[in-house]
Amino acid sequence: MATALKIYTTDNNSNQTNKTVSNVNPAASDYVLKNFSQQLINLSANTFNRVERIDTKDITNATQA
């Protein structure tokens, strides 16, 4: 299973943007990942709006149960 974060921000011109951070530790709590996202955006001039956790699972080789 792969985990990523999709971080939504607003720039100085009020443009909505989003960034995806991949290869996030799947064992990290939602609270830790939210704080990481906010602190990451604080390094830029953008404003943090929200963050989504995305957990994906490869089911290419799935078989009938």
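Start by selecting strand β2, residues 16–21. How many of its six residues are buried? The count is zero, so call β2 hardly covered, given that buried means under 20% relative accessible area. Keep in mind while you click around that this is a predicted model.

**Next door: β1**

Now add β1, residues 2–10, to the selection. Here the picture is one of cover: seven of the nine residues in β1 are buried, and the strand as a whole is mostly covered. β1 and β2 run antiparallel, with six bridges joining them. Two pairs are handy to label. Leu5 has Val21 of β2 as its bridge partner, and Ile7 is bridged to Lys19, also in β2.

While β1 is highlighted, here's some background for looking at side chains. In a regular strand, side chains alternate between the two faces of the sheet.

**The turn**

Follow the chain from β1 into β2 and you pass through a hairpin with five residues between the strands. Pick Ser14, which sits in that loop. What is the sign of phi at Ser14? Positive, at about 65°, although Ser14 is not a glycine. As background, most residues other than glycine have a negative phi. Ser14 is also exposed, with a relative accessible area of 58%.

**A second positive phi**

Move on past β2 and select Asn23, in the loop between β2 and α1. Asn23 is another residue other than glycine with a positive phi, this one near 60°. Is Asn23 buried or exposed? Exposed: its relative accessibility is 75%, and the cut-off for that label is over 50%.

**The other side of β1**

Select β3, residues 47–56. β3 pairs with β1 in the antiparallel sense, over nine bridges. Label Thr3 and Asp55 to see one of the partnerships: Asp55 in β3 is the bridge partner of Thr3. With β2 switched back on, you have β1 paired antiparallel to β3 and joined to β2 by antiparallel bridges too.

**Zoom in on Ala4**

Ala4 is in strand β1, and it makes a good place to stop. Ala4 counts as buried because its relative accessibility is 13%, and the limit is under 20%. Which residues does Ala4 touch once neighbours within four places in sequence are set aside? The list is Thr20, Val21, Ser22, Val24, Glu52, Arg53 and Ile54. Thr20 and Val21 fall in β2, residues 16–21, while Glu52, Arg53 and Ile54 fall in β3, residues 47–56. For a distance to draw, try Ala4 to Arg53: the two are 49 residues apart along the chain, with their C-alpha atoms separated by 6.0 Å.

**Back to the start: Met1**

Step back to Met1, in the segment before β1. Met1 is exposed, at 71% relative accessible area. Not counting residues up to four places away in sequence, Met1 still touches Asp55, Thr56 and Lys57. You've already labelled Asp55 as the bridge partner of Thr3. Another line worth drawing runs from Met1 to Pro26: 25 residues apart in sequence, 8.0 Å apart in space, C-alpha to C-alpha.

**Over to the helix**

Select α1, residues 30–42, and find Gln38 in it. Gln38 is partly exposed, at 27% relative accessibility. Now measure out to Thr60: Gln38 and Thr60 are 22 residues apart in sequence, yet 34 Å apart in space, C-alpha to C-alpha.

**Zoom out**

Show the whole chain. One helix and three strands make up its elements, and from the N terminus on they run β-β-α-β. The C-alpha atoms fill a box of roughly 50 × 25 × 15 Å along the principal axes. How does the radius of gyration compare with that of a compact globule of 65 residues? The globule would be near 11 Å, but this chain has 15 Å. Buried residues make up 18% of the 65.

Switch to a surface view if you like. The chain exposes about 5,000 Å², with carbon and sulfur atoms supplying 48% of it. Colour by charge and you'll find 6 positive and 5 negative side chains, with the centres of the two sets 2 Å apart. A contact map rounds things off: among contacts between residues at least 6 apart in sequence, 58% join residues at least 24 apart.

Conventions. Residues numbered from 1 in each chain as written. Predicted model: local features only at pLDDT ≥ 70, side-chain atom pairs only at ≥ 80, totals over all residues. Heavy atoms only, no water. Helix = DSSP H or I, 4+ residues; strand = E, 2+ residues; numbered from the N terminus. Rg over C-alpha atoms; globule rule 2.2 N^0.38 Å. Buried < 20%, exposed > 50% of the residue type's maximum accessible area, 1.4 Å probe, protein only. Contact = heavy atoms within 4.5 Å. Areas by Shrake-Rupley, 256 points an atom, 1.4 Å probe, with all protein chains shown as cover. Lys, Arg positive; Asp, Glu negative; His and termini not counted. Charge placed at Lys NZ, Arg CZ, Asp CG, Glu CD. Pairing = 2+ DSSP bridges.
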